[in-house]
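Q: Got a minute to go through this one with me? I'd like to talk strands first, then a side chain.

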Amino acid sequence: MVDQKKLRDEAKKIITREDVKYLVGWEKGTYGFQMTPLFVTSSDDVERLVFNPLCIHNLAVFPMLEEKLPLRKGAHEDTRKIGVVVKGCDSRAIVQIIQEKGLEKENLILIGVPCNGVIDPKKINKRFFHQTKTDDIEEDDKNFIIKTDGKTHKIPKDELIMDKCKTCEFPNPVIYDIFVGEKIKTSSKPDYKEINSFEKKKLDEKWSYWESQFEKCIRCYACRDVCPLCYCKECMVDQLNPQWVRRSVNVSENAAWNIMRAFHLAGRCIGCGECERVCPAGIPLTKLNKKLEKDVLELFEYKPGIKAEDKPLLSIFKPDDPEEFIL
């Protein structure tokens with residue numbers, strides 16, 4: 001577990017700096033097992049800052065969503081730094097955005113925290129049905145220790161942890177200015193067992209599966225809005241000239257949207273799983289992104305979001321890249 005006092009102390013040092021606008025972290029939510037993003041704008045807010053296995057949100061999305069309103073006459077843009085608390089997957093998103101020139105590292109202050117995996121909201125809400133209040137949550141090597149309604153529940157991590165965390169290769173942030181906690185030793189390697197199994201299916205079986213998934217899509221675009229790598233000024237689905245995807249909700253248009261978005265994230269998706277978490281239709285978007293991640297790794301030996309000084313995959317080429325796919 002991360003030392004909450006040390007986290008708050010470091011946050012206080014940052015937020016009292018004159019060159020810092022605000023810091024984004026997490027605080028306890030108002031219902032059930034929810035944690036919610038917290039914008040720390042003064043030292044008074046720091047005491048609300050927390051980090052525990054319920055802090056699921058990828059906070060890298062917020063520096064990209066910063067509101068840029070027209071300035072009043074004589075006013076100047078606020079160019080102060082933004083602080084962000086980052087887990088391993090959050091930090092990879094930050095790195096990827098820096099590679100793409102979406103952010104400049106000098107405009108950020110990152111507090112890195114180690115993460116043994118976050119709790120899946122669907123799993124814990126199923127286990128504690130209609131639970132409206134959580135007193136505390138801790139963890140040891142193998143269990144989550146949940147205190148609620150005066151009772152203590154010790155539950156094996158495998159029963160509650162998000163599936164994407166079970167095969168996480170980067171439990172520690174890959175980039176940070178301040179690190180709070182002890183680094184986690186890991187020897188995890190890419191796990192594509194599910195993808196390998198799916199690839200062996202017949203073509204009509206594969207399409208039947210994805211057709212049944214895409215027809216559930218209501219085109220709410222929650223997957224796009226929560227994704228830290230979806231930061232285009234104008235999304236393709238909002239364009240009318242040319243119109244890439246019609247606004248009618250049917251299998252054909254839904255498939256076009258989901259597949260185009262997946263390819264837009266090829267070589268960019270860092271596997272945080274936020275898109276699947278927020279999807280109200282329960283579409284397994286992680287599986288789609290994981291397939292392209294596997295292809296990119298096999299074809300180009302490339303993993304996104306590792307080193308800020310690297311170039312984005314599709315902005316470079318190697319003379320010895322395999323070209324078997326060229327007809």
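**Strands and a buried glutamate**

A: Sure. Keep in mind that this is a predicted model. In one pairing, V24 has V84 in β4 as its bridge partner.

Q: Which strands does that pairing involve, and in what sense do they run?

A: Strand β1 (residues 20-28) and β4 pair parallel, over 4 bridges.

Q: What does β4 do with β5?

A: β4 pairs with strand β5 (residues 108-112) too, in the parallel sense over 5 bridges. There, I82 sits opposite L108 in β5. To get from β4 to β5, the chain goes through helix α3 (residues 88-99), and that β-α-β crossover is right-handed.

Q: Is β4 largely enclosed or not, and why?

A: Largely enclosed by the rest of the structure, because 5 of the 6 residues in β4 (residues 81-86) are buried.

Q: Switching to E10: where is it, and does it count as buried or exposed?

A: E10 is in helix α1 (residues 4-15). Its relative accessibility is 14%, so E10 counts as buried, the cut-off being under 20%.

Q: What does E10 touch, leaving out residues up to four places away in sequence?

A: I111, I178 and V180.

Q: Okay, new topic. What's the strand order in the open sheet with antiparallel pairing?

A: β6-β7-β8, so to speak from one side to the other: 3 strands in that order. The edge strands, β6 (136-139) and β8 (151-156), each pair on one side only. From one strand to the next, the twist averages 20 degrees.

Q: How many bridges join β7 to β8?

A: 6, with strand β7 (residues 143-148) running antiparallel to β8. I145, for instance, has K154 in β8 as its bridge partner.

Terms used:
Residues are numbered from 1 along each chain as its sequence is written. This is a predicted model: local features need pLDDT of at least 70, side-chain atom pairs count only at pLDDT 80 or more; totals for chains, interfaces and linings use all residues. Side-chain values use heavy atoms; hydrogens and water are left out. Buried means under 20% relative accessible area, exposed over 50%, partly exposed in between (1.4 Å probe, protein chains only). Helices (H or I, at least four residues) and strands (E, at least two) are DSSP runs, numbered from the N terminus. Two strands pair if DSSP finds at least two bridges between them. A crossover is right-handed if, with the strands pointing away from the viewer, the path from the first strand over the helix to the second runs clockwise. Contact means heavy atoms within 4.5 Å. Axes are lines fitted to C-alpha atoms, for helices over the stretch in contact, and angles run from 0 to 180 degrees between N-to-C directions.
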